[in-house]
Amino acid sequence: MFFKRRSSRKVSRLGRPAEPVRSGRGVFTRRALLVMAVQAGVLGTLGRRLYNLQVVDGGHLRQLAERNRTSKRLLAPARGPVHDRFGIPLADNKVSWRALLMPEETTDIPAVIERFSQIVPLDEHDRARIERDLRHLHKYVPVTLHEFLSWDDMARIELNAPSLPGVLVDVGSTRLYPMKELMAHIVGYVAPPNEDDVAKDTTLSLPGMRVGRAGIEQTQEAVLRGQPGSVEMEVNAVGRVIGEIDREEGEQGDNVHLTLDAVLQQQVLERLGDRVASSVVMDCRNGEILAMVSTPSFDPSLFDSGVSHAQWDEWNKDPRTPLVDKAVSGVYPPGSTFKPAVAMAALQSGAVTAQDRFNCPGYFDMGGVRFHCWNRWGHGMINMREALKYSCDVFFYETARRCGMDPIKAVGNTMGLGVKLGVELPHVRAGLIPTPDWRREHGFHWNGGDTVNAGIGQGFVQVTPLELATYVSRIASGRNVQPHLLRAINDTLSSQASLDVAPPLDIPSEHLDVVRGGMFAVVNEQHGSAPKARLDLPNVQMAGKTGSAQVRHVSRALRESGHFNSMDLPWEYRPHALFICFAPYDEPRYAVSIVVEHGNAGADEAAPLAKLIMTDTLMRDPSNQSRPPGQTVAQAGPEPG
């Protein structure tokens with residue numbers, strides 16, 4: 001009998017077979033793996049994100065976070081100081097306070113500016129400048145709201161700090177000119193940069209930056225400016241400065257030493273007084289300018305804070321032209337100071353010798369025109385040395401006629417006249433020694449009268465006081481000395497400071513001796529034209545030459561009437577008074593030129609001034625000294641016979 005085995009498979013109540021029973025270990029393992037895979041993916045994503053945040057992008061994000069907490073900006077460097085040859089400060093810096101606006105730290109710039117103007121008033125000029133800076137500068141560059149804050153201004157700003165986000169009070173520097181008017185034309189001044197300046201150099205947009213606008217400040221801008229620094233500050237959420245984290249000061253500009261002696265400069269200014277005049281004192285041996293004065297002058301400190309329109313108009317309308325440096329930019333007819341150049345040209349060309357004698361009856365006729373000598377009775381028969389001594393016009397009329405203008409121009413240029421000299425100042429003008437070619441280039445005919453007029457330094461001939469000082473220095477030394485103002489930068493002495501390094505002039509010494517002898521006679525011999533210039537110092541003589549340069553034509557009839565006196569003319573129509581000189585005569589060390597505008601007669605007005613200025617110079621004897629000198633006299637050799 002067969003029995004059927006019962007199946008172990010269970011049947012569900014619905015009649016379908018039930019699922020087989022699995023082990024608990026297998027079910028748990030699969031679910032755990034799934035969960036773990038999901039968790040691993042999430043953790044991997046988080047880990048990768050954290051890696052990116054902390055490692056890949058960590059530096060950048062750290063910078064962003066730091067930027068929210070800190071603010072970094074560049075600092076304007078302090079300009080280098082300017083000193084005279086003995087270390088006396090001519091231009092320096094002093095601390096000032098200013099209000100700055102950080103554009104990137106405020107959301108409503110116009111509102112902040114308006115609130116600030118209610119605390120510290122802003123004029124139209126300030127508002128226009130702020131508008132321009134906001135338009136052209138980057139947001140990270142601070143904009144100057146107001147400079148030269150007082151203590152009351154700063155207190156009001158700090159009191160209202162919560163309503164002025166992005167505004168901070170900052171320390172800066174102001175240019176200080178302790179000598180004021182005394183050195184204004186030479187040292188110059190600084191002023192805020194304009195749009196053209198900033199376009200050329202973006203560092204000039206920094207608050208407190210100044211640009212040299214005249215004098216040494218302008219020509220030595222690259223040396224004086226220095227290198228910017230930086231400051232890092234901690235700020236709060238609204239951009240208000242909490243404190244300073246780090247500061248790296250800028251590199252100050254170089255220290256510039258000039259050849260000037262500030263004390264001698266003051267003495268020259270006092271000698272000139274209230275005259276409209278200029279004077280240059282130069283070392284004959286190396287061209288160092290020891291004093292260079294132009295009067296009247298101005299206070300350069302006014303330009304740093306801004307010159308008012310009223311002050312500017314006053315300066316420009318003043319007929320005495322205080323803004324013009326007459327020593328390098330003023331051009332004048334040289335008058336009889338030009339006669340030594342004419343004499344050397346005639347000797348060089350062979351047109352006239354030192355022994356030739358011409359008769360002076362008091363006039364010179366040429367082409368139907370009569371040219372007068374200053375001495376209406378004449379000087380009689382005289383040679384070149386005597387003509388220089390008496391300053392005879394007729395002798396030099398004839399000398400110029402025989403020589404011609406081309407040799408006169410060549411020698412004049414060699415002596416420093418009618419050429420632009422390379423002194424370290426802007427706006428240096430060159431004088432003019434005319435020639436027939438020059439006249440034709442301007443569409444006019446040259447005639448013989450132009451030549452004889454030029455022979456006494458009139459007509460179209462023009463020179464500057466600096467040219468006259470260079471001219472007499474070259475006569476005295478026989479060397480091609482170059483005028484200069486820079487003595488040293490930091491501790492490096494200029495190569496031009498050495499004595500007797502200039503090459504000799506291409507003029508025979510015997511020709512120079514004739515001119516020097518005539519200039520000695522002008523001052524020291526009986527009947528010389530400038531006895532008022534004679535020095536009172538023992539064993540020291542000075543050689544010189546007078547000049548009186550007409551500024552308007554005087555008719556022949558008026559001259560011959562015997563009643564003409566130029567002192568009766570209005571001031572602006574009187575002749576200029578000039579004088580050039582050097583001393584000591586045997587061992588030339590110093591040269592002086594003086595031009596007194598409308599001073600009338602060089603012998604009466606300029607010569608006595610030259611005596612005083614040369615005496616001051618010899619008593620100080622400042623050349624080639626490293627410390628301020630005492631009252632010593634520069635001794636010369638034996639008195640000439």
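Which residues is Y471 in contact with, leaving aside its neighbours within four places in sequence?

1. Y471 contacts. With those sequence neighbours set aside, Y471 is in contact with T337, F338, P340, A341, M344, M415, L417 and I580. The structure discussed here is a predicted model.

2. Main core. Y471 belongs to the largest nonpolar core, which has 59 residues. Together with M344 and I408, Y471 is among the residues with the most contacts inside that core. Helix α14 gives this core its largest share, 7 residues. A second core, separate from this one, has 35 residues, including Y177, A184, A214 and A262. As background, nonpolar side chains in soluble globular proteins tend to be buried together.

3. Helix α17. This helix covers residues 405–414, and its buried residues are M405, I408, V411 and G412. They line one face of the helix, because their directions fall within an arc of 135 degrees when seen down the axis of α17. The general pattern is that an α-helix has 3.6 residues a turn, so residues three or four places apart point the same way.

4. Surroundings of α17. The cover over the buried residues of α17 includes α14 (339–349) and α16 (393–403). It also includes α18 (436–441) and α19 (448–454). One of the buried residues of α17, I408, is also among the residues with the most contacts inside the largest nonpolar core. After α17 comes G416, with a positive phi near 100 degrees.

5. Cysteines. How many disulfides does a search of the whole structure find? The count is 0. C360 and C392 deserve a comment here. The sulfur of C360 has its closest cysteine sulfur in C392, at 3.5 Å, which is too far for a bond. The reverse also holds: for the sulfur of C392, the closest cysteine sulfur is that of C360. The pair is not counted as a disulfide because the cut-off is 2.5 Å, and the sulfur atoms are 3.5 Å apart. C360 counts as buried, at 2% relative accessibility, and C392 is buried as well, with a relative accessible area of 0%.

6. Confidence. The average pLDDT of the protein is 85, and 85% of the residues score at least 70. Residues 1–8 have pLDDT below 50, and this stretch makes 0 contacts in the model beyond near neighbours in sequence. Residues 637–641 also have pLDDT below 50, but that stretch has 9 contacts beyond near neighbours in sequence.

Definitions and conventions
Residues are numbered from 1 along each chain as its sequence is written. This is a predicted model: local features need pLDDT of at least 70, side-chain atom pairs count only at pLDDT 80 or more; totals for chains, interfaces and linings use all residues. Side-chain values use heavy atoms; hydrogens and water are left out. Buried means under 20% relative accessible area, exposed over 50%, partly exposed in between (1.4 Å probe, protein chains only). pLDDT is the predictor's confidence in each residue, from 0 to 100. Contact means heavy atoms within 4.5 Å. Helices (H or I, at least four residues) and strands (E, at least two) are DSSP runs, numbered from the N terminus. The arc is that of the directions from the helix axis to the C-beta atoms. A nonpolar core is a set of buried Ala, Val, Leu, Ile, Met, Phe, Trp, Tyr and Cys residues joined through side-chain atoms within 4.5 Å.
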